[in-house]
Amino acid sequence: MDTAICGRIALSPNHVFGQKTGDKHPLYKAPSANRASLMALSASAPGKGGGVLERPTVEKTSPGRESEFDLRKSRKMSPPYRVLLHNDNYNKREYVVQVLMKVIPGMTLDNAVNIMQEAHYNGLAVVIICAQADAEEHCVQLRGNGLLSSIEPAGSGC
């Protein structure tokens, strides 16, 4: 790469990696800069100060407030729940398969058919095992589409 574009100023490798003696406007007063500086300068958007790097914002949390990372971590650590599909005499099998594929993320046709058949023959089938909040949401969506569903804690025998 011969030239890196930074805002509206073209920088040659000599400007970034080493200062020639006799340069009228050196980019850095230090004799050399590292590649991270080149990457940061070339990544800055045109019209945002002509290569002036902005300090990244750091989200500060108050002692009583959990960060998004902590919330995701606690959600993953929560005990798992089973979403159960109950057999009913109202919905056609094809419709149950369609609803399962629509409501449950990543549900394949084969899995949906197997779950539907298990619920049809046994009266009950496990749809998915996930965090409680997700299980409640899936149950509400299944019920909203006319299917009978419930959730229960997935004990150690899952």
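## A walk from serine 149 outwards

Start by selecting serine 149: this residue is buried, with a relative accessible area of 5%. Keep in mind as you click around that this is a predicted model. Serine 149 lies in strand E5. Show its side chain and look for the backbone oxygen of cysteine 139, which the serine side chain reaches at 3.2 Å. Now bring up the neighbours. Leaving aside residues up to four places away in sequence, serine 149 touches Leu84, His86, Cys139, Leu142 and Arg143.

**Next stop: helix H6**

Cys139 and Leu142 take you to H6, where they are buried along with Ala135 and His138. Look down the helix axis: the buried residues of H6 fall within an arc of 100°, so they line one face of the helix. That spacing fits a general pattern: an α-helix has 3.6 residues a turn, so residues three or four places apart point the same way. Swing round to the other side of H6 and you'll find Val140 and Gly144 exposed.

Select residues 132-144 to see all of H6: it has 13 residues and reaches 18 Å from first C-alpha to last, close to the 18 Å expected. Follow the chain past H6 to glycine 146, whose phi is positive, near 90°.

What sits over the buried residues of H6? The cover includes strand E3 (80-86), helix H4 (93-103), strand E4 (124-131) and strand E5 (148-153).

**Across to helix H4**

Pick H4 from that group and colour its buried residues: Val96, Val97, Val99, Leu100 and Val103. Seen down the axis of H4, they fall within an arc of 165°, so they too line one face of the helix. Turn H4 over, and the face away from its buried side carries exposed Glu94, Gln98 and Lys102. Then show what covers the buried residues of H4, which includes E3, helix H5 (109-122), E4 and H6.

**Last stop: the salt bridge**

Which residue does glutamate 152 form a salt bridge with? Select arginine 82 and you have the partner, with the closest N and O atoms 3.1 Å apart. Glutamate 152 lies in strand E5 and arginine 82 in strand E3, so the pair ties together parts that are 70 residues apart in sequence. Check the surface on each side of the pair: glutamate 152 is partly exposed, with a relative accessible area of 30%, while arginine 82 is buried, at 16%. No need to hunt for others, as the count comes to one salt bridge.

Terms used. Residues are numbered from 1 along each chain as its sequence is written. This is a predicted model: local features need pLDDT of at least 70, side-chain atom pairs count only at pLDDT 80 or more; totals for chains, interfaces and linings use all residues. Side-chain values use heavy atoms; hydrogens and water are left out. Helices (H or I, at least four residues) and strands (E, at least two) are DSSP runs, numbered from the N terminus. The expected span of a helix is 1.5 Å times one less than its number of residues. Buried means under 20% relative accessible area, exposed over 50%, partly exposed in between (1.4 Å probe, protein chains only). The arc is that of the directions from the helix axis to the C-beta atoms. Contact means heavy atoms within 4.5 Å. A polar contact is a pair of N or O atoms within 3.5 Å; within protein, one must be able to donate a hydrogen and the other to accept it, and residues adjacent in sequence count only if both atoms are side-chain atoms. A salt bridge is a side-chain nitrogen of Lys or Arg within 4 Å of a carboxyl oxygen of Asp or Glu.
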